[in-house]
Amino acid sequence: MRIVGYADRLSVRAGDPIAFHVSCAHADYRPEVVRLRRGGSPRHGLALVEENVVSGLPARLPGRVQKTTSGSFVEAGPVGPVDEVGLAVWFLPTLPGTGPRPLVAVGDLVLEVSAAGIGLRRGSAGLAVLDAPPVERQWSFATATVDATGEVRLSLHRPGLEPHTTAAQAPPSAAGGVLRIGSGGTVTGGLGATFNGKVARPVVAATAWPATTTAALAAGANPLTLLDPATTSALDLAADPGGTRVPDRGGLTGGALIRHLPTRGVPGPFWTGAEADFRRAPDEFDALHLHDDDLADAGWEPDLSWDVPTDLPSGVYALKTTAGDDVDRIPFVVTPARHEAPVLVVLPTWTYLAYANWRTYAEYEAERLVIYGEARGIDERDRWLVAHPEFGRSLYDVHTDGSGVCHSSPLRPIVNIRPDYYTPTTRGFRHYAQDLLLLDWLDRRGEHYAVVTDDEIEREGADLLSRYDVVLTGSHPEYCSAGMLDAYLAYTHAGGRLMYLGGNGFYQVTARHPGHPDSVEIRRGHAGVATWVSDPGEEHLAATGERGGLWRMRGRAPNLLAGVGFTAQGFDSGYGYARTEASADPSVSWVFEGVPAGVGDVFGVEGPGLGGAAGDELDRADVTLGTPADAVVLASSVGHSDKIALVPEEADHGYAAPPPGIHPKVRADVVLFARPGGGAVFSVGSIAWSNAMTHKDGDNDVSRITANVLDRFRDEPGPVIGEQ
């Protein structure tokens with residue numbers, strides 16, 4: 001991609017400024033603001049629709065290539081200069097290689113490790129090497145001391161082995177500069193040359209301590225009882241796991257900054273296993289897991305800032321950058337300055353971030369062919385991602401060392417949050433591009449609506465939702481916080497009306513990262529559909545301390561809020577829904593006004609992509625999981641193939657064999673239920689629903705059902721279940 005960029009936020013209030021960061025390999029480019037009315041491309045079989053916005057931006061801007069270096073590390077100091085120095089750290093290598101990676105550095109003095117052993121260098125000059133390979137994925141303890149005469153001593157303690165020590169002589173030289181853990185200095189562009197693995201209990205002192213001190217530190221002694229606290233650094237990596245600063249318990253530095261979102265709340269070398277929650281035994285969770293592809297902020301310079309007009313309508317916009325045949329659309333949502341619309345659309349931006357820069361399509365093309373049973377191709381931007389791993393991964397990926405990615409930041413180019421991005425999973429539309437189809441549907445109906453994102457719901461809660469008669473979700477609001485669940489529940493219990501127009505929603509425990517409030521964090525745990533699982537002792541989110549994984553496993557299944565919850569997934573085809581007998585009751589039959597399908601008849605069998613309204617990921621009603629007992633199941637999907645699989649938490653346990661044929665839990669349910677005070681919830685149980693709404697330009701039964709519910713929810717203040 002010869003032109004690409006990102007905004008400094010995913011949403012901005014009308015009247016506030018927003019900045020854009022662009023990398024362009026052309027001499028110059030044309031910036032313009034557009035309102036995105038519909039996603040699409042020739043490959044989707046549906047044209048992208050956008051409108052130019054008067055913005056007052058320059059006609060052309062000079063192009064420049066901006067680079068990003070990924071990799072997490074800790075930075076403090078400066079230290080010294082000091083005539084003597086001692087360095088120590090516990091480390092657990094997860095990707096040892098032939099090339100050395102830094103463990104602890106003071107200026108250009110670097111203690112480093114490779115698969116062959118540890119070494120100490122000053123700049124590019126090696127001072128000493130200890131040929132004693134560390135044990136992969138096991139804790140080891142390394143030290144290096146240099147005295148005033150230049151004598152160097154290296155020591156390595158490995159599990160189950162005798163300590164290894166070596167000595168060498170180097171020219172005397174003072175040590176000084178920035179103290180770094182996991183990094184030996186700056187690298188321009190690409191993956192950082194940082195340590196891959198866990199680090200704990202780093203010690204830096206202005207003295208070359210004796211071997212007895214090394215032995216005591218290896219046994220877990222407090223360094224501040226062995227060394228002069230005033231000239232010793234003992235960074236407390238266990239402190240404030242959700243933050244970006246760590247205190248120094250010694251006096252050598254004023255504390256440190258943690259760069260680029262390493263995994264925190266991690267068990268250290270002295271974890272007993274008695275506690276899995278870092279809040280209950282913080283001294284045992286004193287490690288960080290560093291990765292060379294961690295990224296909190298791409299760090300590009302801004303190219304332009306735009307003051308969003310106060311009267312600009314709420315909606316989805318983009319900075320369209322054009323240079324020759326190269327185009328990029330940097331997305332942002334304009335939220336309302338005044339809450340005047342009756343309808344609110346909440347775009348599931350936390351889910352967009354969860355999938356941000358998901359590389360599986362380009363990295364696992366052969367595996368995808370097996371999953372789909374056909375070649376669906378990929379978006380070429382995914383190949384660009386593979387060539388640029390420094391732009392961070394999705395929460396479905398693993399790091400270069402194989403550990404799961406648990407942070408995602410919007411402060412980087414994210415190529416799959418684009419209106420023309422092609423998703424092979426659904427043969428076209430999914431997530432952001434699909435949710436633009438919902439907005440196009442609303443526009444075609446002439447609806448007066450506003451748009452916000454998950455961030456606004458997290459910050460403003462039920463107070464924001466309460467300003468609207470009807471709230472519509474996007475197609476896949478999977479990732480959410482406790483505060484977001486509370487907000488939606490409070491809204492519907494206070495008379496608000498919610499239309500959940502998707503599938504696999506309200507599923508994964510997610511939190512905003514306090515130190516990087518634009519970023520989100522998860523821990524997969526050991527349940528649900530997952531491409532990685534948490535390491536032992538790492539199920540709790542550093543951001544909040546709460547247990548991660550599925551909300552269902554914490555007693556908050558999606559059924560409690562939406563009446564349905566995730567049950568099955570598959571990507572071979574979309575399917576239709578059959579009306580239930582309950583749907584014919586006059587109290588709810590208004591939902592099907594204008595729909596020719598009677599009880600038992602099937603509707604919604606057509607649509608773009610997978611080709612039906614029930615597809616991709618499916619939710620079903622279940623009173624044992626919290627579906628209200630008075631919820632009415634209006635329709636259930638039918639005809640699924642054996643390629644639609646139950647999610648792991650729905651699998652049958654025990655000795656009894658599962659029922660023959662397609663499991664009865666493999667279905668999407670459309671439900672409607674009332675809340676006290678006039679509140680109501682309508683849920684469709686399928687990600688593919690809003691795709692199907694666009695069939696024949698909205699002249700279809702799925703569209704009519706959605707319109708009937710929206711009209712009733714918006715216009716009728718009385719009970720939604722009952723005859724008018």
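1. P81 is found in strand β7, and the peptide bond that leads from G80 to P81 is cis, with omega near 10°. Strand β7 spans residues 73–82 and also holds P78, where the peptide bond from G77 to P78 is again cis, with omega near 10°. Strands here are DSSP runs of E with at least two residues, helices are DSSP runs of H or I with at least four residues, and both are numbered from the N terminus. As background, most peptide bonds are trans, and most residues other than glycine have a negative phi.

2. A word on the basis of these remarks: this is a predicted model, in which local features need pLDDT of at least 70 and side-chain atom pairs count only at pLDDT 80 or more, while totals for chains, interfaces and linings use all residues. Residues are numbered from 1 along each chain as its sequence is written, and side-chain values use heavy atoms, with hydrogens and water left out.

3. Where do R427 and K696 lie along the chain? R427 lies in the loop between β27 (407–408) and α7, and has a positive phi of about 55° although it is not a glycine. K696 lies in the loop between α11 (689–692) and α12, and its phi, near 55°, is likewise a positive value in a residue other than glycine. R427 is partly exposed, with a relative accessible area of 28%, whereas K696 is exposed, at 54%; the terms are set so that buried means under 20% relative accessible area, exposed over 50% and partly exposed in between, with a 1.4 Å probe and protein chains only.

4. Helix α7 (residues 432–445) and helix α12 (residues 701–715) have axes that come within 12 Å and cross at roughly 65°, the axes being lines fitted to C-alpha atoms, for helices over the stretch in contact, with angles that run from 0 to 180 degrees between N-to-C directions. The two helices α7 and α12 are therefore roughly perpendicular to each other; by the convention used, angles under 35 degrees count as roughly parallel, over 145 as roughly antiparallel, 65 to 115 as roughly perpendicular and the rest as oblique. The contact is made by W441, L442 and R445 of α7 and by S703, T706, A707, L710, D711 and R714 of α12, where contact means heavy atoms within 4.5 Å. These contact residues divide into four nonpolar, two polar and three charged, with Ala, Val, Leu, Ile, Met, Phe, Trp, Tyr, Cys and Pro counted as nonpolar, Asp, Glu, Lys and Arg as charged, and the others, Gly among them, as polar.

5. A second helix pair is formed by α8 (residues 454–465) and α9 (residues 482–493), which pack at an angle of about 30° with their axes 8 Å apart. Helices α8 and α9 are therefore roughly parallel to each other. Their contact is made by D454, I457, E458, G461, A462 and L465 of α8 together with G483, M484, A487, Y488, A490 and Y491 of α9, and these residues divide into eight nonpolar, two polar and two charged.

6. Which residues have the most contacts inside the largest nonpolar core? They are L472, F682 and W689, in a core of 110 residues, where a nonpolar core is a set of buried Ala, Val, Leu, Ile, Met, Phe, Trp, Tyr and Cys residues joined through side-chain atoms within 4.5 Å. Apart from this core lies another, of 41 residues, among them L130, L154, I181 and L237. Leaving aside neighbours within four places in sequence, W689 is in contact with L501, Y577, F603, A613, V670, V684, V702, I705 and T706. In soluble globular proteins, nonpolar side chains tend to be buried together.

7. Is Q434, which lies in helix α7, buried or exposed? Q434 is buried, with a relative accessible area of 0%, and, not counting residues up to four places away in sequence, touches F429, S475, I687, A688, S690 and N691. The C-alpha atoms of Q434 and R38 are separated by 8.5 Å, although these residues are 396 residues apart along the chain.

8. G474 has its place in the loop between β29 (470–473) and β30 (479–480), and at 1% relative accessibility counts as buried. Not counting residues up to four places away in sequence, G474 touches V346, P348, D435, L501 and G502.
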